[in-house]
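Q: Please take a close look at one part of this model for me. Short sentences are fine, and some context from the rest of the complex would help.

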Amino acid sequence: MKFSFSPEQEEFRSNLRRFLADRSSTKEVRRLMETEAGYERAAWQKMNVDLGLTAVRIPEAYGGQGFGFGEQAIVLEEMGRALACAPYFSTAVLAAGAILNAGSEADKRALLPGIASGETVATLAWVEDNGRWDAEGTTLKAASSGGGWTLDGHKSFVLDGHTADLIVVLARAPQGPTLFTVAGDARGLARRAVEAMDPTRKMARLEFNGVSARLLGEAGQAAAAFARTMDEAAILLANEMAGGAERLREDALAYARMRMQFGRPIASFQSMKHKQADMLVDVELAKSAAYYAAAALDEGDSDIPAIACLAKAQASEAYLQTAIHAIQIHGGIGFTWDNDTHLWFKRAKASEVFLGDATHHRELMMQRWAA
Amino acid sequence: MTELTEASVRAEVRAWLAANWNPDLGLVEWRNKLIDSGWGVPGWPRQWYGRDLSPGLVPAVEEEIQKSGAIGVAKAGIRTLAAATILAHGTDLHKQKFLRRILTGEDTWCQLFSEPGSGSDVAGAVTRAELRGNKWVVNGQKVWTTSAHHADYGLLLARTDWDKPKHKGLSYFIIDMHQPGVKVQPLKQMNGHASFNQVFMTDAEVMPEFLVANVGDGWQVTTTTLMHERRGADALRSWAVGSTREGRAYDEERAEIATVMEPYKWYPQRAGRVDLILTRARETGRIDDPVLRQEIARVLIMSKSAEWLARRARTAQELGRPQGPEGSLGKLIASNVARAAARVHTQISGADALLSGDDGPMKGVIAEILVSVPATSIAGGTDEIQRNIIAERVLKMPREPSIDTDKPFRDVPRNTVS
Ligand SMILES: Cc1cc2nc3c(=O)[nH]c(=O)nc-3n(C[C@H](O)[C@H](O)[C@H](O)COP(=O)(O)OP(=O)(O)OC[C@H]3O[C@@H](n4cnc5c(N)ncnc54)[C@H](O)[C@@H]3O)c2cc1C
Ligand SMILES: Cc1cc2nc3c(=O)[nH]c(=O)nc-3n(C[C@H](O)[C@H](O)[C@H](O)COP(=O)(O)OP(=O)(O)OC[C@H]3O[C@@H](n4cnc5c(N)ncnc54)[C@H](O)[C@@H]3O)c2cc1C
C-alpha cells in the first residue's frame, strides 16, 4: 500500500490548522477547560457549520460529507495539535462510529443527520467502574418490556457523558451484547461529571435506573460492530496523539532555539540536539503507524484489529515520551501552570490510558497477529 | 508516448524476461543483455543503461525480475555507492569505463574514506595525494575498508592541499587497487569475520583522469557517497543469499556470492533479524511468556512503524514532494530496531544464547545476530553522527561551534598516532 496525502487533503489540513490556531488558542483552551462542559455549544456548532467536521466521515445519504478515515484522521491530528476543546471524539468517532457499524438503515437515517450537522452532541458509554475497555466487562443490564427496553446499571469514563444529547450504550441483553441509544435527559438517568486528570477532555459517570432505551441494530448482535468501533477509535485516537506529540516537539524546539544559557541558545548543546533527534524519531514513527492504520481502514485491510493495537501502543508511548522531553527542555518553567506544556502532558497521559494502555494493546496485538 | 503505469511496466518486463532470460547463459553475458534492455537499472538515465523510469515504478521492475527467477544486476554494497557517485559526479570517461562493469559484477569496489585518525570526522583525512609529473601519488593509511581484499577499484578521499581549511583541501579519486603501492591487510572483527581491512598506500598512483570532480571538491563528492550509504542501510536486510537453482548463470552467481558477497554474509544480521523473532519464540515455547510477549510486541511495532515510515518517504519521493524528515531517520531507526531485536533474541533463547556455531540456536544464526549488531550503530556513520545530522540539517538547530573549519588544515589539532 502506498500512502500519502493528496493535495486536496493537504489543503483541508492547512485550512483546519489555520481555523484552529485562530479559534482554539491555548488561551481559549484554558478558558474552556475551567468550565464544567469543557466546550461551548455555539462555538462547536459554528465549527461544524464552517468546516463540517463531524460530517466528514458520515455518508452523504445521512447528511454527511462522505469522506474516508484518511480525512477524519486529519481532523483528529489537527485537533490533537491544537488540543481543541470540543466533543468531537465522543460524537464523531465513538457515537457516530457505533451507529455506522451497528445501526440499521432506519437507525442511521434517524440518528446521523443530527450528528453531521453538529446539532447533536453524542457519546458512547461502554466502560464501567471495573475499567475494562472490552465488551466483556459490561454488566449494565438491558431488559425488554412491552416492545421497549429498559437499562439498569452504570457506566464510567464516558467522554462528554454529562452534556451529550444522545448516548449510545453497550449493555448485556438476554440475547447477548447489545447497543442502545438513550436521550441525555432520559428519566432515570443520573449524570455526574467526574474530575478528570486531563481538564481539556471531560468525563462523566452515568447511573441508569430503569432508563428506557431504543435498540440500535439487532438485539444480541453488537459484538462485532462494537469491536470494529473500538479498532477505529484506537486508530483515530492514535492520529490525535500523533498531532499532539508533533506540536510538543515543535514547541520544545522553538523554546530551545530562543532560550539562552551559558552564552548560547540551549539548542546548540549536543545533548539537547540528540534529545530533539530522538523526539523526531518517536513522533515520525507514531505518525507513520497512525497514517498507515487510517489508510488501512479505508482500504478494508483484514489486519485492522492488529494494526489498530499497533498504532495505539506506538502513539501512546511516543506522545508521553515527547511530553516528558518537552517539559525537560523547558527547565523550571516547564513545571509551571502558566507554561502550556502541561496541557499536552495531561492529554498524553489521559490518551495513554483511554481505550487501553500500551501494555494492553501490545498483548492484544500479539493475540491478533502472532497468536 | 503512452502513459506508463505499474501494470504496463510489469507486463513489459515480464514479456522481455520471457523472451530473454535463460539460466544457461554466462552470468556476465546475461547481465550485459539485461543492461542493454534498460531493465537492469530502469531508474537511471537512458544514456547510461537506464530508462528514466520514475522511482516509484522501479520496485515493480525489481519484483518482476525476482519473481521470474532471473538474476539482476550486481548490486552488493559499495558497488551501488560507487555507481551512484560516478553517475552523479563522474566524467563521461568514468561512466563509460566503470558503470557497466559495476553492473555486470566484473569489477568490485571499496570505499577508502575512514582512517585511524578520522572516522566520524571523515573530512579530517590525512592520506595525501600529490601531483608528481602527470600522476597523482598517494601516501597514507585507510582502515575499516570493507571488501578491500577483493576490490578492483577504490573510492579514495585524500588531502591535496594542507593550507586550505579541512573541507576545502580534499580531493576524490578512483584508485586501482591492483598496483604495487597498495597493500591490503584483513582485520578480524569481533564477530570473527574479516570483512574489513587496513589499506596502506605507499607511492600508489592515480591517473589524472581518475580524479572525480575538481581538485579541492572532494568533500562534496564524499557527501554524495555517504548519503547513498545511509539510505542503503535498510536494503542490506533483504540481500539474497543465492538460490539453489540449476543453470550456468546460477552457478556463476553462487561463485560470486562465495567471494564477493562473503564480506556481507553477516550483514543481514544487522537488522537484528526481526523476521526470526516469532519463529524462534514459537520454537522455544516462550511465545507464551507474558513478559516476553510485551518485549516482542515492542520490537514488532517499532520495526513495522519503521517500514511504514520508509514507505511514506518513498511515496513522497514518487509524488515529487520535497524530502521530509522521514527520509533522514532511517539509519538511526534501523540501529534502534537492531539493538532491540538482539535484546529480545537473547531473552527468547535464554541459556542457549550462551552457545554459538553449530551448537548455537538456529545453527549459530542467533549467536551471529548477537555479536554482529554493534556494527549497525557504527558503520556508515555512528548513531551520534546521525543525530547530529538530523538535529542540524533537518531541525536546523545551531551547528556545533567548530574550532577547525576556518583554519588551514596544517594547523588543526588532530590524532598523532594511529
Ligand atoms: C520544583 C522546583 C523547585 C525549585 N526550587 C528552587 C529553589 O528553591 N531555589 C532556586 O534557586 N531554584 C529552584 N528551582 C529552579 C531550578 O534549580 C532550575 O529550574 C534548574 O536549575 C533549571 O534552570 P532553568 O529552569 O532556568 O532551565 P534552563 O537552564 O533554561 O534549562 C532548560 C533546559 O536546557 C538544558 N540545559 C541548560 N544548559 C545546558 C547545557 N549546558 N548543556 C545541556 N543542556 C543544558 C537544561 O538541562 C534544561 O533541560 C526549582 C525548580 C523546580 C522545578
Ligand atoms: C562493519 C563496518 C564496516 C565499515 N566499512 C567501511 C568502509 O567500507 N569504508 C570506510 O571508509 N569506512 C568503513 N567503516 C568505518 C566507519 O565509517 C567508522 O567506523 C565510523 O564512521 C566511526 O568512526 P571511528 O570508528 O573512527 O570512530 P570515532 O569517530 O573515533 O568515534 C568514536 C565515538 O565517538 C563518537 N563521536 C565522534 N564524533 C562525535 C561527535 N561529533 N559528536 C558526538 N559523538 C561523536 C562516535 O559516535 C563514537 O561513538 C566501517 C565500519 C564498520 C564498523
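By class, how many nonpolar, polar and charged residues does the shell around ligand 1 have?

A: The shell around ligand 1 has six nonpolar, five polar and one charged residues. This is a predicted model, so every distance and area below is computed from predicted coordinates.

Start with the members. The nonpolar ones are A:Phe262, A:Ile266, A:Phe269, A:Met272, A:Ile329 and A:Phe335. The polar ones are A:Gln261, A:Ser271, A:Gln328, A:Gly331 and A:Gly332. The charged one is A:Arg259. Two helices of chain A, helix 8 (270-299) and helix 9 (304-330), each supply at least two residues of this shell.

Now the polar contacts. A:Arg259 places a polar side-chain atom 2.5 Å from an oxygen atom of ligand 1. A:Gln328 works through its backbone: an N or O atom there lies 2.6 Å from an oxygen atom of the ligand. A:Gly332 also uses a backbone N or O atom, again 2.6 Å from an oxygen atom of ligand 1. As for cover, ligand 1 has 970 Å² of accessible area on its own, and the protein covers 43% of that.

Set ligand 2 beside it. Its shell holds 19 residues, and the closest are B:Ser120, B:Trp144, B:Thr146, B:Thr382 and B:Glu384. Residues from both chain A and chain B surround ligand 2, so its site is shared between chains. By class, this shell splits into eight nonpolar, 10 polar and one charged. Helix 12 (residues 383-394) of chain B gives the most to the shell, with three residues.

The polar contacts of ligand 2 follow. A backbone N or O atom of B:Phe113 sits 3.1 Å from an oxygen atom of the ligand. For B:Gly119, a backbone N or O atom lies 3.4 Å from an oxygen atom of ligand 2. B:Asn388 offers a polar side-chain atom, 3.4 Å from a nitrogen atom of ligand 2. Taken alone, ligand 2 exposes 970 Å², and the protein buries 68% of that.

Next, the chain contact. Chain A gives 44 residues to it, and chain B gives 44 residues. The two chains bury about 3800 Å² between them, with carbon and sulfur atoms giving 62% of that area. On the chain B side, B:Arg293, B:Trp308 and B:Arg312 supply 19% of the area buried against chain A, more than any other three residues.

Last, confidence. The predictor gives the complex an ipTM of 0.95 and a pTM of 0.95. Chain B averages a pLDDT of 91, and 95% of its residues score at least 70. Residues 236-241 of chain B fall below 50, yet this stretch has 12 contacts in the model beyond near neighbours in sequence. Where pLDDT is low, predicted coordinates should not be read in detail.

Key. Residues are numbered from 1 along each chain as its sequence is written. Chains are lettered from A and ligands numbered from 1 in the order in which they are written. This is a predicted model: local features need pLDDT of at least 70, side-chain atom pairs count only at pLDDT 80 or more; totals for chains, interfaces and linings use all residues. Side-chain values use heavy atoms; hydrogens and water are left out. pLDDT is the predictor's confidence in each residue, from 0 to 100. Contact means heavy atoms within 4.5 Å. A residue is near a molecule or strand if one of its heavy atoms lies within 4 Å of it. A polar contact is a pair of N or O atoms within 3.5 Å; within protein, one must be able to donate a hydrogen and the other to accept it, and residues adjacent in sequence count only if both atoms are side-chain atoms. Accessible areas come from the Shrake-Rupley method with a 1.4 Å probe; for residues, only the protein chains shown count as cover. Helices (H or I, at least four residues) and strands (E, at least two) are DSSP runs, numbered from the N terminus. Buried area is the accessible area (1.4 Å probe) that two parts lose on being put together, summed over both.
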